[in-house]
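Hi everyone, thanks for coming. I'd like to walk you through one structure today, so have a look at it first and then we'll talk.

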Amino acid sequence: MMMEKYEEHRQNPILWDKLSPHLLESDLKGIVGFKIKVGEIQAAYKLSQNRNETDYLHIIDQLKNEGNSNSKQMASLMENRLKK
């Protein structure tokens, strides 16, 4: 499950068994499955640039402390963006 893959290593992971029944009942009604054929892919370079400086620096710190190479690489990219 994607939540387990991307959340289980965090200090306060968001996992299915920790979600409140009220949240599940109200929000699951809005989830709809569908299939789509991709005709073109366009990429955008986004690194939380919509965040204020305090939040942005906090995100960098959290990524550095996750202990995996992908997170550290992302933190480095975000730090480099600040230098420009």
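Let's start with how H3 goes past H4: the crossing is left-handed. Keep in mind that this is a predicted model, so everything I say is about the prediction. When two helices pack, people describe the pair by the angle between the axes and the distance between those axes. For H3 and H4, that angle is about 150°, and the axes are 8 Å apart. So are these two parallel or antiparallel? Anything over 145 degrees counts as roughly antiparallel, and therefore H3 and H4 get that description, roughly antiparallel to each other.

Who actually does the touching? On the H3 side, the contact is made by Tyr56, Leu57, Ile59, Ile60, Leu63 and Lys64. On the H4 side, we have Ser71, Lys72, Met74, Ala75, Met78, Glu79, Arg81 and Leu82. If you sort the residues in this contact by class, you get nine nonpolar, one polar and four charged.

Okay, on to the core. In soluble globular proteins, nonpolar side chains tend to be buried together. Here, which residues make up the largest nonpolar core? There are six of them: Leu47, Tyr56, Ile60, Leu63, Ala75 and Met78. Helix H3, which runs 53-65, and helix H4, which runs 69-83, each supply at least two residues of that core. The biggest giver is H3, with three residues.

Leucine 47 deserves a second look. If we skip residues up to four places away in sequence, leucine 47 touches Tyr56, Met74, Leu77 and Met78. Right after it in the numbering comes serine 48, in the loop between H2 and H3. What is the phi of serine 48? It's near 60°, which is a positive value in a residue other than glycine. Serine 48 counts as partly exposed, because its relative accessibility is 25%.

Now let's go to the start of the chain. Glutamate 7 is found in helix H1, which covers residues 2-7. Is glutamate 7 buried or exposed? The cut-off for buried is under 20%, and glutamate 7 has 18% relative accessibility, so it counts as buried. Leaving out residues up to four places away in sequence, glutamate 7 touches Pro13, Ile14 and Leu15.

For contrast, let's look at two lysines. Lysine 29 lies in the loop between helix H2, residues 21-27, and H3. It has a relative accessible area of 65%, so it is exposed. From lysine 29 to tryptophan 16 is 13 residues along the chain, and their C-alpha atoms are separated by 15 Å. Then there's lysine 83, which has its place in helix H4. Lysine 83 is exposed too, because its relative accessible area is 68%.

Let me finish with some distances from lysine 83. How far is lysine 83 from tyrosine 56 in space? C-alpha to C-alpha, the two are 13 Å apart, with their positions 27 residues apart in sequence. Serine 26, which lies in helix H2, is 57 residues from lysine 83 in sequence and 43 Å from it in space, again C-alpha to C-alpha. And serine 26 itself counts as partly exposed, because its relative accessibility is 35%.

That's my tour. Thanks for listening!

Definitions and conventions. Residues are numbered from 1 along each chain as its sequence is written. This is a predicted model: local features need pLDDT of at least 70, side-chain atom pairs count only at pLDDT 80 or more; totals for chains, interfaces and linings use all residues. Side-chain values use heavy atoms; hydrogens and water are left out. A nonpolar core is a set of buried Ala, Val, Leu, Ile, Met, Phe, Trp, Tyr and Cys residues joined through side-chain atoms within 4.5 Å. Buried means under 20% relative accessible area, exposed over 50%, partly exposed in between (1.4 Å probe, protein chains only). Helices (H or I, at least four residues) and strands (E, at least two) are DSSP runs, numbered from the N terminus. Contact means heavy atoms within 4.5 Å. Axes are lines fitted to C-alpha atoms, for helices over the stretch in contact, and angles run from 0 to 180 degrees between N-to-C directions. Angles under 35 degrees count as roughly parallel, over 145 as roughly antiparallel, 65 to 115 as roughly perpendicular and the rest as oblique. A crossing is left-handed if the near helix is turned anticlockwise from the far one by less than a right angle, and right-handed if clockwise. Ala, Val, Leu, Ile, Met, Phe, Trp, Tyr, Cys and Pro count as nonpolar, Asp, Glu, Lys and Arg as charged, and the others, Gly among them, as polar.
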